[in-house]
Amino acid sequence: MSDSMIMDSIAAFLVLPNRLLVPLVPDLHDAAQLRSPLPRGIVRVHLREAKDLQSKDKYVKGLIEGKSDPYALVRVGTQLCTSQVVDESLNPAWNETYEFVVHEVPGQELEVELFDKDPDQDDFLGRMKLDFGEVLQARVLEEWFPLQDGGRGQLHLRLEWLKLMSDPSKLEQ
């Protein structure tokens, strides 16, 4: 618990978009721009579905294999979103959409972790990571991503890169 509190404190200061500014030149006029730069863009994440997930629920002392109750944690830096839990499914469909502010490309990445919801402790189902450089290049990226870190199955995502505009007259575009 103390490790988690220490990591959260460090992240509050050093995880993007937070920056540590050390002025090397006196009378720096653009210090505010360095301290709080404009974001590079917005990534819209469509969490579609997953397939062939691992069953973590067991009945009758492990003799009968049940189904998982999967949900997803979608994280970009310190921004975190949690999906709905899909009860008793190894092929859940969420069809949820999230938007994240992106400050550094390449450098920031999307991380999606899948868990099986349980009354006591949730079971880990797998994880996928993707650098936003790929999304910036493609503008729209839709594919099935394999789960890593011991996870089995695939995750279907649609990622859209949205560019920020300074001219309000182009808002409709």
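Two strands are said to pair if DSSP finds at least two bridges between them, and strands themselves, like helices, are DSSP runs numbered from the N terminus (E and at least two residues for strands, H or I and at least four for helices). This is a predicted model, in which local features need pLDDT of at least 70 and side-chain atom pairs count only at pLDDT 80 or more, while totals for chains, interfaces and linings use all residues. Residues are numbered from 1 along each chain as its sequence is written, and side-chain values use heavy atoms, with hydrogens and water left out.

A convenient place to begin is the pairing of strand 4 with strand 5 (residues 79-82), which run antiparallel and are joined by four bridges. Within this pairing, Val74 has Cys81 of strand 5 as its bridge partner. The two strands form a hairpin with two residues between them, and Gly77 in the turn has a positive phi of about 60°.

Strand 4 also leads to the interior. The largest nonpolar core (a set of buried Ala, Val, Leu, Ile, Met, Phe, Trp, Tyr and Cys residues joined through side-chain atoms within 4.5 Å) has 29 residues, and among those with the most contacts inside it are Leu110, Leu114, Phe132 and Leu155. The elements that give two or more residues to this core include strand 4 (70-76), strand 7 (109-116), strand 8 (123-131), helix 3 (132-138) and strand 10 (154-162). Taking contact to mean heavy atoms within 4.5 Å, and leaving aside neighbours within four places in sequence, Leu114 is in contact with residues including Tyr71, Ala72, Trp94, Phe124, Leu125 and Leu155. In soluble globular proteins, nonpolar side chains tend to be buried together.

Charged side chains add another set of links, for the structure holds twelve salt bridges (a side-chain nitrogen of Lys or Arg within 4 Å of a carboxyl oxygen of Asp or Glu). In one of them Glu99 pairs with Arg44, the closest N and O atoms being 2.6 Å apart; because Glu99 lies in strand 6 and Arg44 in strand 1, the pair ties together parts that are 55 residues apart in sequence. On the scale used here, buried means under 20% relative accessible area, exposed over 50%, and partly exposed in between (1.4 Å probe, protein chains only). Glu99 counts as partly exposed at 44% relative accessibility, and Arg44 counts as partly exposed at 26%.

A further salt bridge joins Arg127 to Glu113, with the closest N and O atoms 2.5 Å apart; Arg127 lies in strand 8 and Glu113 in strand 7, so this pair ties together parts 14 residues apart in sequence. Here Arg127 is buried, with a relative accessible area of 18%, and Glu113 is buried as well, at 9%. Between Arg158 and Glu142 the closest N and O atoms of the salt bridge are 3.2 Å apart, and since Arg158 lies in strand 10 and Glu142 in strand 9, the link spans 16 residues in sequence. Arg44, Arg48, Glu99, Glu142, Arg158 and Glu160 are linked in a network of salt bridges.

His46 offers another view of strand 1, where it is placed, and at 13% relative accessibility His46 counts as buried. The C-alpha atoms of His46 and Leu159 are separated by 6.2 Å, although these residues are 113 residues apart along the chain. Not counting residues up to four places away in sequence, His46 touches Glu96, Thr97, His156, Leu157, Arg158 and Glu160.
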